[in-house]
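Open the model in your viewer and keep the selection panel at hand. The stops below say what to select next and what is there.

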Amino acid sequence: MDSYLGLFDPGEETQLPPEPQLGNIEYKLKLVNPSKLRFEHLVTQMKWRLREGHGEAIYEIGVEDSGLLTGLSYNELTASLDTLELMARKLGATTTVLRERTVDGDRQMAEVLVRKVPDDQHNIEVRVAVMGSAEAGKSTLLGVLTQGQLDNGRGRARLNMFRHLHEVQSGRTSSISHEILGFDSQGDVVNYSELMTAEEICENSTKLITFMDLAGHRKYLRTTVQGLSGYSPHYVMLVISGRAGILGMTCEHLALAVALDVPLFVVVTKVDLGSPDETIQCLQSVLKSVGCCRVPLLVKNDDDVMTAGSNQLAENIVPIFTVSSVSGYGLELITKFLHVLPPGISHKEKERLEQEKCEFQIDECFRVPEVGPVVGGLLTKGVITEGAKLVIGPMDDGKFVPVEVQSIHRNKAPYRAVRASQSASLGLDFAPMGLRSGMVLLNDEENPTGCLFFQATVCVLFHTTAIYPGFQTTVHIGNVRQTAVMEGIMAVGGIHTNDRASVVFRFLRHPEFVRVGARLLFREGLTKGIGKVTQVFPFQAHAG
């Protein structure tokens, strides 16, 4: 396996893999007094690596293109780092030395993170969904990371994460709450321990981690699936209690992340209460199993953090962290990992999405005093600005009605515009009858319509017997969540576990907006399946 698992490992004197042609990792033996022409070439090269890395690039200084760890003298390394900083400054980027290492006695090498925030953004944003069984310590861990204060052992840190009184009383999350953790250009944490408001955190951060705290109890599983499907997180942080170990809901959440193909990392909590060794061994076995086929990597030091951060997307690596929210053990490593975690979408792909007509998926609806109706969700394509005239729907008759965007908020701060792949809250000029989550905001020239019937190619991940026409299941397609009936199955004798077939679905309650090619997840009890929409049948007034 071509990977960087040996990257700067102490005691390892082997070379790195050859420099990759694609990606955001660049090897440089030295950058001492380059000519003007050479300097311009190096800047162009850095610009390309930044685009490949979605605004972030990693430079290995003192390493030949073949991967040989040569190292530099102290003066050469200092001069090379100075040149690298000048290159970054030319592009409006910043540099942070992630680590240094000595080879061959007195020669040194360094790994440097170069970060450039796109001109039209305040910061680089990464969305992380936090999953795991009830009582695993998800909300407490988020409280410690975002508030900068350790827990008292009785759940004090999680109180700021809860949105409802019954959550405070029961200690269980039942809704989707959002929290942010920022990093400045030097890699230092920016959170509520230093600043008072989310707006200040956004303004002072070059990288922003948006956590979505999802519910862990089985009772709220559909809300958790809705968050994972509707908000399209870049990563999943699976939290496991070191005391309780891997429970049924842990496996359920892991299976959902794998089915939706979301990169994940694992945090084992409560290590101050006992050794987590048994839990880690069990976890490693589950990750290596046929259903997952992942490579577990137990993170013990800074070298492991860099290895995990640079390889996770490419090599199916699942980093495993052990932490305590009470003693603070392991929190520094997970914070460093979040700092070097690659953004989830490339700048090129983001530009492509922004050129398309807008599609805003609505996940939440509120009515704010003196503001009016507000919808929250994710903009999957296009750009929405204040004053934009859009259409919202589908209504019960399958049609869309015109609305105007009055205001835009992101991370609790006002914005002029929201761009593709960003989540936001939009204030509307009025609330149409039947406004609900699952609707979409679109450009009015698209002439969109809803649908009751659609066809999809599905794969059954698990079912105890066979599925036949007439089977009812909860279908998740992006922000859409509704019960549907399998009206037709193109397979003789039904479909069983691991079977693939083309299926015609019918929504039971009201029309939904579905696009061809959208990813689909259906579940009912222990039954689970995934698929892709292949055909949509426009809603007819007499249908149903």
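Begin by selecting residues 138–147, which are helix 3, and residues 331–340, which are helix 10. The axes of these two helices lie 12 Å apart and the helices pack at about 75°. Helices here are DSSP runs of H or I with at least four residues, strands are runs of E with at least two, and both are numbered from the N terminus. Axes are lines fitted to C-alpha atoms, for helices over the stretch in contact, and angles run from 0 to 180 degrees between N-to-C directions. Helix 3 is therefore roughly perpendicular to helix 10 (65 to 115 degrees; under 35 is roughly parallel, over 145 roughly antiparallel, and the rest oblique).

Now show the side chains at this packing site. From helix 3, Leu 141, Val 144 and Leu 145 meet Leu 331, Ile 334, Thr 335 and Leu 338 of helix 10, where contact means heavy atoms within 4.5 Å. By class, the contact of helix 3 with helix 10 has six nonpolar residues, one polar and no charged ones. Nonpolar covers Ala, Val, Leu, Ile, Met, Phe, Trp, Tyr, Cys and Pro, charged covers Asp, Glu, Lys and Arg, and the others, Gly among them, are polar.

A note on the source: this is a predicted model, in which local features need pLDDT of at least 70 and side-chain atom pairs count only at pLDDT 80 or more, while totals for chains, interfaces and linings use all residues. Residues are numbered from 1 along each chain as its sequence is written, and side-chain values use heavy atoms, with hydrogens and water left out.

Next, select helix 1 (residues 36–52) and helix 2 (residues 74–90). Their axes are 9 Å apart, at an angle of about 65°. That angle makes helix 1 roughly perpendicular to helix 2. Helix 1 passes helix 2 in a right-handed crossing (the near helix is turned clockwise from the far one by less than a right angle; anticlockwise would be left-handed). On the helix 1 side, display Phe 39, Glu 40, Leu 42, Val 43 and Met 46; on the helix 2 side, Thr 83, Leu 84, Leu 86, Met 87, Ala 88 and Lys 90. The contact of helix 1 with helix 2 has eight nonpolar, one polar and two charged residues.

Move on to helix 6 (residues 221–230) and pick out Thr 224. Is Thr 224 buried or exposed? Thr 224 has 0% relative accessibility and counts as buried (under 20% relative accessible area; exposed is over 50% and partly exposed in between, with a 1.4 Å probe and protein chains only). Leaving aside residues up to four places away in sequence, Thr 224 touches Met 131, Leu 214, Ala 215 and His 253.

Add helix 7 (residues 248–259) to the selection: the axes of helix 6 and helix 7 come within 11 Å and cross at roughly 25°. Helix 6 and helix 7 are therefore roughly parallel to each other. The crossing of helix 6 past helix 7 is right-handed. Leu 221, Thr 224, Val 225 and Leu 228 in helix 6 meet Met 249, Glu 252, His 253, Leu 256 and Ala 257 in helix 7. Six nonpolar, two polar and one charged residues make up the contact of helix 6 with helix 7.

Turn to the charged pairs. The whole structure has 22 salt bridges, each a side-chain nitrogen of Lys or Arg within 4 Å of a carboxyl oxygen of Asp or Glu.

- Lys 28 and Glu 26: the closest N and O atoms of this salt bridge are 2.7 Å apart. Lys 28 is buried at 8% relative accessible area, and Glu 26 is buried at 2%.
- Arg 352 and Glu 356: these side chains form a salt bridge at 2.6 Å, N to O. Arg 352 is partly exposed at 42%, as is Glu 356 at 28%. Extend the selection to Glu 359, Lys 381 and Arg 515, which are linked with Arg 352 and Glu 356 in a network of salt bridges.
- Glu 386 and Arg 416: the closest N and O atoms of this salt bridge are 3.2 Å apart. Glu 386 lies in the loop between strand 15 (383–385) and strand 16 (389–393), and Arg 416 in the loop between strand 18 (413–415) and strand 19 (417–419), so the pair ties together parts that are 30 residues apart in sequence. Glu 386 is partly exposed at 33%, whereas Arg 416 is exposed at 66%.

Finally, zoom out to the whole chain. The chain has 11 helices and 27 strands. Of its 544 residues, 56% count as buried. Among contacts between residues at least 6 apart in sequence, 70% join residues at least 24 apart.
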